[in-house]
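This report walks through one protein chain for a reader who has not met it before. The sequence and the structure are shown first, and the description follows.

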Amino acid sequence: MDIKEEFPILEKRNIVYLDNAATTQKPPCVIEAASRYYKENNANPLRGLYQLSIDATDEYENSRQEVADFIGAADKSEIIFTRNATESLNLVAYSYGRSFLDQGDEVITTIAEHHSNMIPWQQACKARGAKLTYLYCEKDGTLTPDMLEKIISDKTKIVAVTQVSNVFGRENDIKGFAEVAHRHGAILVADGAQSVPHMPVNVQDLDCDFLAFSGHKMYAPMGIGVLYGKKDLLEKMPPFLFGGEMIEYVTTVGATWAELPHKFEAGTVNVGGAVGLREAIHFINRFGWDTIMKREEDLTAYAMDKMKDYPYVHILGSADPAKHHGIITFTVEGVHPHDCAAIFDEHDVAIRAGHHCAQPLLKYLGTLSTVRASMAFYNDRNDIDRFFEALTSIRKEMGLDG
């Protein structure tokens with residue numbers, strides 16, 4: 001089975017694409033589903049009483065139901081469509097954090113978070129006079145519920161943790177973190193941007209209170225994201241944005257809000273993106289998690305085994321490929337990561353170089369910048385071999401030995 005045939009951009013450009021943690025390529029079935037919506041069913045949903053608007057509404061709400069089913073939500077009203085995981089996390093920090101945090105309360109997040117699960121909590125704490133506390137991982141990325149237990153207190157109201165690190169690729173025990181948080185009266189916010197595209201996620205089993213993820217990292221169009229929230233919490237929260245379909249009734253002096261989930265979806269919504277996300281879910285389900293996870297783990301193991309032949313390459317995180325979930329972040333002795341990226345690009349290999357929106361983590365690890373190769377299940381061993389052909393030439397092209 002040549003999964004790469006599902007992605008003609010990879011053949012057309014003859015590129016080895018290893019920047020999947022940033023965004024994935026889109027199969028034609030996803031592109032065509034979004035295009036078909038605009039060709040056949042485009043209208044402003046939720047507002048029109050004519051058939052075309054009703055059809056657009058059905059497309060949107062059917063997509064919401066399939067997202068709910070995909071992550072195991074109890075009710076489709078717990079699914080809020082946003083632009084991306086960043087907006088989803090900001091929604092929680094603004095609407096929940098600024099409403100329910102008080103002076104002297106505490107928010108705990110980890111040093112390993114993407115900026116999107118750190119800066120919103122910084123701002124919420126500043127606005128409310130709360131304290132932001134960081135849980136520090138071990139140098140290999142290990143974070144455990146027991147580590148949280150040692151620093152959490154009854155003043156802690158929110159715990160925000162990524163399910164899979166975008167630097168280490170390491171999976172955190174969200175269910176265990178949620179148990180600790182709930183026992184101390186706090187809620188658990190999970191960043192699922194790097195987990196939902198690569199493994200089965202069931203929010204009821206995890207018992208997280210909120211989960212955020214992006215469509216564009218799981219073969220769907222850019223501009224569509226998801227916030228899952230437990231219904232009782234969402235009902236207590238004020239809207240994040242105002243106007244459009246999120247209102248129920250408006251006077252010159254005030255307004256009342258629509259019911260969930262529309263309370264949080266102001267203005268004209270991204271139906272085409274939601275339809276594309278629905279088709280991306282179909283695409284994932286067609287191959288199945290067993291196939292996807294096995295391919296990604298096999299490729300990670302293959303790459304990490306070959307890296308043992310490069311003593312000047314240093315991998316961040318665990319030596320166990322199974323704990324990387326397709327993400328290998330590394331440095332090359334004597335070569336700046338941006339130079340590495342440029343040389344990879346000369347060999348038509350797309351990787352990422354920089355701080356990966358995790359500057360506090362990299363500072364904690366004693367580096368300012370790294371190189372990251374991240375895989376999806378459409379990659380293959382030929383891609384990894386071409387990656388190493390480029391890697392072999394890096395130090396030579398920089399005038400170094402090895």
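## Strand β3 and its partner

In this predicted model, the side chains of strand β3 alternate between two directions: Glu106, Ile108 and Thr110 point one way, while Val107 and Thr109 point the other way, and all of them are buried. The strand, which covers residues 106–110, is accordingly described as mostly covered, with five of its five residues buried.

Strand β3 is joined by five bridges to strand β4, residues 131–135, and the two strands run parallel. One of the pairings can be named at the level of residues, since the bridge partner of Val107 in β4 is Leu132.

## The chain as a whole

The protein chain contains 14 helices and 15 strands. Its radius of gyration is 22 Å, close to the 21 Å that the globule rule gives for 402 residues, so the chain is as compact as a globular protein of that length. Measured out along its principal axes, the C-alpha trace spans about 75 × 55 × 35 Å.

Of the 402 residues in the protein chain, 57% are buried. Among contacts with a separation of 6 or more, 71% are between residues that stand 24 or more positions apart. The accessible surface comes to about 17000 Å², and carbon and sulfur atoms account for 49% of that area. As for charge, the chain carries 40 positive and 57 negative side chains, and the centres of these two sets lie 4 Å apart.

## Two buried helix residues

Glu296 has its place in helix α11, which covers residues 289–307. Is this residue buried or exposed? Glu296 is buried, because its relative accessible area is 4%, which is under the 20% that marks the cut-off for a buried residue. Leaving out residues up to four places away in sequence, Glu296 touches His198, Tyr219, Met375, Ala376 and Phe377. Arg286 is 10 residues from Glu296 along the chain, and the C-alpha atoms of the two are separated by 16 Å.

Thr57 lies in helix α3, residues 51–71, and is likewise a buried residue, with a relative accessible area of 17%. When its neighbours within four places in sequence are set aside, Thr57 is in contact with Pro45 and Leu46. Between Thr57 and Asn42, which are 15 residues apart along the chain, the C-alpha atoms are separated by 9.6 Å.

## Backbone features in loops

Three loops hold backbone features that deserve a separate look. In the loop between β10 (255–257) and α10 (271–287) lies Pro261, and the peptide bond that leads from Leu260 to Pro261 is cis, with omega near 0 degrees.

Asn14, in the loop between α1 (8–12) and β1 (16–17), has a phi near 50 degrees, which is a positive value in a residue other than glycine. His356, in the loop between β14 (352–354) and α13 (359–365), also has a positive phi, near 60 degrees, and is again a residue other than glycine. As to their cover, Asn14 counts as partly exposed at 46% relative accessibility, whereas His356 is buried, with a relative accessible area of 7%.

Methods. Residues numbered from 1 in each chain as written. Predicted model: local features only at pLDDT ≥ 70, side-chain atom pairs only at ≥ 80, totals over all residues. Heavy atoms only, no water. Helix = DSSP H or I, 4+ residues; strand = E, 2+ residues; numbered from the N terminus. Rg over C-alpha atoms; globule rule 2.2 N^0.38 Å. Buried < 20%, exposed > 50% of the residue type's maximum accessible area, 1.4 Å probe, protein only. Contact = heavy atoms within 4.5 Å. Areas by Shrake-Rupley, 256 points an atom, 1.4 Å probe, with all protein chains shown as cover. Lys, Arg positive; Asp, Glu negative; His and termini not counted. Charge placed at Lys NZ, Arg CZ, Asp CG, Glu CD. Pairing = 2+ DSSP bridges.
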